[in-house]
Amino acid sequence: MNMDAPEHTCFRRALGGRFSPKRVTRLAETIEQIVDDRLDAMERSQKPLDLQSVFSLPVALGTICHVLGIHVRPEWNSILDVMELDPPLEEDLLADYQQFLAAMTEEVSSLREAPHEGVLSFLLHDVGMTDEEVAGAGQFMVVAGHHTTSNMITLGTLVLQRDRRHWDAIAHGPDALPNMIEELIRYITVLQLAPFTRTATADVTIGDVLVRAGERVQVSSPAANRDPEVFERPDEFDPERDPTGHLTFGDGVHQCLGQHLARLELRIAFTRLVERFPDLRPAVPIDELEVNPGTYPGHGVHALPVAWGADDEGSTA
Ligand code: HEM
């Protein structure tokens, strides 16, 4: 994300085809399997359970690790905490971060020995990148593809349940789901400030503001996505609106590489969650949920306790 041409162009060209809508569609069956495994785990768990840690995080981690062609390491589910400060300053977080880097280097070394059909092996063996470049790309994509999508699943569930007609509509009108998901993506704006910091490489005038070469500019995607000149009643979640033009995935040459994958994950996650647990509901009042601190760029809650069925229904955990 912080690279310029020609290095950035090289990565983007190499990876573009692997994340195209057509290519991503082929992943549907695998993602369905990952989602169903987690739904089974939910069924076996004690209620209430935390949707974020039992469902959303493992679905997103399992998917990105499958795409990259590396092992799923459940400890990476806490990468959120590790990445909260970049570079992480606290000693234990620093140790976790270093372990994450070391594990990725290990994954890449084994792919060097034994090629695989995943994206990292493709970068090593077909594109000819160095181990270090591939480990860097792998690390970035695990983080980029993991906390974003998982927070979207959890926060999306909350938004859809605030007015249960939206939740129920998924079961009754699956054709409306893609637009509903796009509106969730606009409304939640899960990545807030950090990705949009840019340094001007030449003088440029934006509107009536001159930005000089070397100056840093930060764009607020939540403000753009709630701009009343672009979206009518922007603070309302309206699954009927056309949310085209939102900036949640950025814009220009760095626009999110994984956006089609994210949309597919969200579609499968919501469809299957509603099918399996039509009466899923938050188990605590929404205003008691703890949100991520402001230092962290991802909008999300630490945990979302949920329940379903009768309150006294036993569990098999
Ligand atoms: C809802 C989920 C996601 C959101 C909201 C999101 C958002 C973003 C944003 C805002 C950017 C920066 C765009 C810019 O600078 O203009 C970005 C870049 C990126 N995202 Fe995502 N992302 C999501 C899911 C994913 C997934 C699943 C992957 C999987 C690989 C991914 C991979 C990337 C990569 C590689 C970049 C850097 C692209 C570049 O610099 O050329 N993202 N994403």
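This report covers helix packing, a small sheet, an iron site and some backbone features in a predicted model.

**Helix packing**

Start with helix α8, which spans residues 131–162. Helix α9 covers residues 164–172. The two axes come within 4 Å and cross at roughly 105°. Angles of 65 to 115 degrees count as roughly perpendicular, so α8 is roughly perpendicular to α9. On the α8 side, the contact uses Thr157, Leu160, Gln161 and Arg162. On the α9 side, Arg164, His166, Trp167 and Ile170 take part. By class, this contact of α8 with α9 has three nonpolar, three polar and two charged residues.

Helix α8 also meets α10. The axes of α8 and α10 come within 10 Å and cross at roughly 105°. The two helices are therefore roughly perpendicular to each other. From α8 come Met152, Leu155, Gly156, Val159, Leu160 and Arg162. From α10 come Met180, Leu184, Ile185, Tyr187 and Ile188. The class count for α8 with α10 is nine nonpolar, one polar and one charged.

Helix α10 (residues 177–188) has a crossing with α12 too. Their axes come within 10 Å, at roughly 115°. That makes α10 roughly perpendicular to α12. The crossing of α10 and α12 is right-handed. Leu177, Ile181, Glu182, Leu184 and Ile185 represent α10 in the contact. Their partners in α12 are Arg263, Leu266, Arg267, Phe270 and Thr271. Here the residues divide into six nonpolar, one polar and three charged.

The three crossings are set out below.

| Helix pair | Axes come within | Crossing angle |
|---|---|---|
| α8 and α9 | 4 Å | roughly 105° |
| α8 and α10 | 10 Å | roughly 105° |
| α10 and α12 | 10 Å | roughly 115° |

**The iron site**

Which protein atom is the donor to the iron atom of the ligand? The single donor from the protein is SG of Cys256, 2.3 Å away. Cys256 sits in the loop between α11 and α12. Helix α11 runs over 221–225, and α12 over 259–276. Helix α12 thus appears in two places here: it follows the Cys256 loop, and it crosses α10.

**A three-stranded sheet**

Strands β1, β7 and β6 form an open sheet, in the order β1-β7-β6. The pairing is antiparallel. Strands of a sheet pair through backbone hydrogen bonds. The edge strands are β1 (49–50) and β6 (281–282). Each of these edge strands pairs on one side only. Strand β7 covers residues 305–307 and pairs with β6 over two bridges. Across this pairing, Pro282 stands opposite Val306 in β7.

**Backbone features**

Where are the cis peptide bonds? One runs from Ala5 to Pro6, with omega near 5°. Pro6 belongs to the segment before α1, a helix of residues 7–16. Another cis bond joins Lys47 and Pro48, with omega about -5°. Pro48 is placed in the loop between α3 (28–44) and β1. Strand β1 is also an edge strand of the open sheet.

Thr189 has a positive phi of about 45°, although it is not a glycine. This residue is found in the loop between α10 and β2 (197–199). Helix α10, which ends at residue 188, thus links this last feature to the packing described above: it contacts α8 through residues including Ile188.

How values were computed:
Residues are numbered from 1 along each chain as its sequence is written. This is a predicted model: local features need pLDDT of at least 70, side-chain atom pairs count only at pLDDT 80 or more; totals for chains, interfaces and linings use all residues. Side-chain values use heavy atoms; hydrogens and water are left out. Axes are lines fitted to C-alpha atoms, for helices over the stretch in contact, and angles run from 0 to 180 degrees between N-to-C directions. Angles under 35 degrees count as roughly parallel, over 145 as roughly antiparallel, 65 to 115 as roughly perpendicular and the rest as oblique. Contact means heavy atoms within 4.5 Å. Ala, Val, Leu, Ile, Met, Phe, Trp, Tyr, Cys and Pro count as nonpolar, Asp, Glu, Lys and Arg as charged, and the others, Gly among them, as polar. Two strands pair if DSSP finds at least two bridges between them. Donors are N, O and S atoms within 2.8 Å of the metal (3.2 Å for Na, K and Ca); water is not among the atoms, so sites may look incomplete. A crossing is left-handed if the near helix is turned anticlockwise from the far one by less than a right angle, and right-handed if clockwise.
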